[in-house]
Amino acid sequence: MKRCTAINSLLLIRGIMTRPTRIVRTRTQGRWSELPQREGKLLPRVRRALRARHYSPRTEQAYLGWIKRFVKFHGMRHPVEMGPEEIERFLSSLAEDQGVAAATQNQAASALLFLYREVLGHEMTRADAVVRAKTPRRLPVVLTRDEIKAVIRQLKGTSQLVGLLLYGSGLRLLECLRLRIKDLDLDRGEIRVRRGKGARDRVTMLPAAVKAPLSEHLERVREQHERDLGRGRGAVELPGALRLKYPAASRDWKWQWVFPATRSYRDESSGERRRRHLHPSGIQRAVTQAVRRAGIVKHASCHTFRHSFATHLLEDGYDIRTVQELLGHRDVRTTMIYTHVLNRGGLGVKSPVDSL
């Protein structure tokens, strides 16, 4: 009997079975309260709620993953039958048994709070579930200018161009790979970042040294796009409902990716042959190998280019507010962390041992 119940719960979580609407009585803070369980499959409901609130695809994937892990941790019990005690037990296990970072634990807490408040309709506060883990403040890894040159030299082709943009424009890796042709303004030397972290747009610089290799790259991309159009392909995914509003825009040159993938795929909903942008893992692997070949022992990654961009601008005397705008930070205190890793110190302090 218990096995049948577990199997049914598993099928329900995976979105195979449905459960009829009923009222479940739960005990919260010493009082019984009625919690309605709505019709429908759980994970599709969570997905619809996330998309209705315009959460990013990466957040959607992470939240669904944490909800699955939460259910499996409690023996495939349905979340409507659990509450704050089960949430706290799960989050504590992440920290004590698995040793996850504070940021990971906080992400799991956010996913479960979203599930109970926005999907299941439970009026649960953060204090009901768990005390938020305190995320330690860590200084970013920064490469010197000579180290940046050494790494860039070890990169080849498209990976080198991406590395130049990461360092020269302060872009995050996904921001760079998601650039479309229309986001580049070669004449003004600007890059428009659409829906960056926090779904915010911003304008950053396009380095003059990158214009020539970028123009050559775009010529090759255009030739590939024209070949795709000749074969009845050449479409890309469009944001939101633009595909319905502008049916031909998916094949328009200005909407193409600056860094398209080498292979196309067939979209299940429309049947179109499309191209995605380059996958981040390829660039990450190339940068890791370049850092190793350059003989650099620092734990550097693609994001290290962005840290180095900000630090070197501050070293050159640029205003911290300007750097904040280029990076897209909401709070200047986030940008101020780079004052702690300047070669000359945050206040230009000279060590007394240098005077001996």
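# Notebook: a predicted model, looked up piece by piece

**Entry 1, Ser169.** I began with Ser169, which is buried, its relative accessible area being 0%. I note at once that the coordinates are those of a predicted model. I placed Ser169 in helix α8, which covers residues 157–169. Leaving out neighbours within four places in sequence, I listed the contacts of Ser169 as Leu164, Ile191, Thr204, Met205, Leu206, Pro207 and Phe309. I also looked up a pair that is remote in sequence: Ser169 and Leu327 are 158 residues apart along the chain, while their C-alpha atoms are 8.5 Å apart in space.

**Entry 2, overall counts.** I then stepped back to the protein as a whole, for which I recorded 15 helices and 7 strands. Of its 356 residues, 44% are buried. Among contacts with a separation of 6 or more, I found that 57% are between residues 24 or more positions apart.

**Entry 3, the sheet of three strands.** I traced an open sheet of 3 strands in the order β3-β4-β5, and the pairing in it is antiparallel. Which strands stand at the edges? They are β3 (184–185) and β5 (202–205), and because each has a single partner strand, one side of each is left without a neighbour in the sheet. Strand β4, residues 190–193, pairs with β5 in the antiparallel sense over 4 bridges. Within that pairing I took down one bridge, in which Arg192 has Val203 of β5 as its partner. For reading side chains along such strands I keep in mind that, in a regular strand, they alternate between the two faces of the sheet.

**Entry 4, the hairpin of β6 and β7.** I next looked at strand β6 (residues 260–266) and strand β7 (residues 273–277), which pair in the antiparallel sense over 4 bridges. The bridge partner of Arg266 in β7 is Arg273. Between the two strands of this hairpin there are 6 residues, and I noted that Gly271 takes a positive phi near 80 degrees.

**Entry 5, Glu175.** I wanted to know where Glu175 sits, and found it in helix α9, residues 173–177. Is Glu175 buried or exposed? I count Glu175 as buried, because its relative accessible area is 8%, which falls under the 20% limit for that class. The side chain of Glu175 makes a polar contact of 2.6 Å with the side chain of Arg172. Setting aside residues up to four places away in sequence, Glu175 touches Val193, Gly196, Lys197, Arg202 and Arg306.

**Entry 6, the cysteines.** I searched for disulfides, and the count comes to 0. Why does Cys176 form none? The closest cysteine sulfur to that of Cys176 belongs to Cys302 and is 9.4 Å away, so the two are too far apart for a bond, the cut-off being 2.5 Å between the sulfur atoms. I also looked up the accessibility of both residues: Cys176 is buried at a relative accessible area of 0%, and Cys302 is buried as well, at 7%.

**Entry 7, the cavity.** A search of the whole structure gave me 1 cavity of 30 Å³ or more. I recorded a volume of about 60 Å³ for the largest cavity. Its lining consists of Val221, Gln224, His225, Asp228, Val236, Gln256, Trp257, Pro260 and Arg275. Which helix gives the largest share of that lining? I found it to be helix α10, residues 208–230, with 4 residues.

**Entry 8, Ser250.** I followed this with Ser250, which lies in the loop between α11 (242–245) and β6. Ser250 is buried, with a relative accessible area of 1%. Without its neighbours within four places in sequence, Ser250 is in contact with Gly234, Ala235, Val236, Leu238, Gln256 and Glu272. Val236 and Gln256, which are on this list, are also among the residues that line the largest cavity.

**Entry 9, Arg137.** I closed with Arg137, in the loop between α6 (126–129) and α7 (145–154). I class Arg137 as exposed because its relative accessibility is 61%. Arg137 and Ile337 are 200 residues apart along the chain, and their C-alpha atoms are separated by 9.2 Å. Not counting residues up to four places away in sequence, Arg137 touches Arg333, Ile337 and His340.

Technical notes. Residues numbered from 1 in each chain as written. Predicted model: local features only at pLDDT ≥ 70, side-chain atom pairs only at ≥ 80, totals over all residues. Heavy atoms only, no water. Pairing = 2+ DSSP bridges. Buried < 20%, exposed > 50% of the residue type's maximum accessible area, 1.4 Å probe, protein only. Polar contact = N/O pair within 3.5 Å; in protein donor to acceptor, adjacent residues only side chain to side chain. Contact = heavy atoms within 4.5 Å. 1 Å grid on protein atoms, 1.4 Å probe; cavity = no way out; pocket = protein on both sides within 12 Å on 5 of 7 lines; lining within 4 Å. Points joined across faces, edges and corners; volume = space filled by probe spheres on them.
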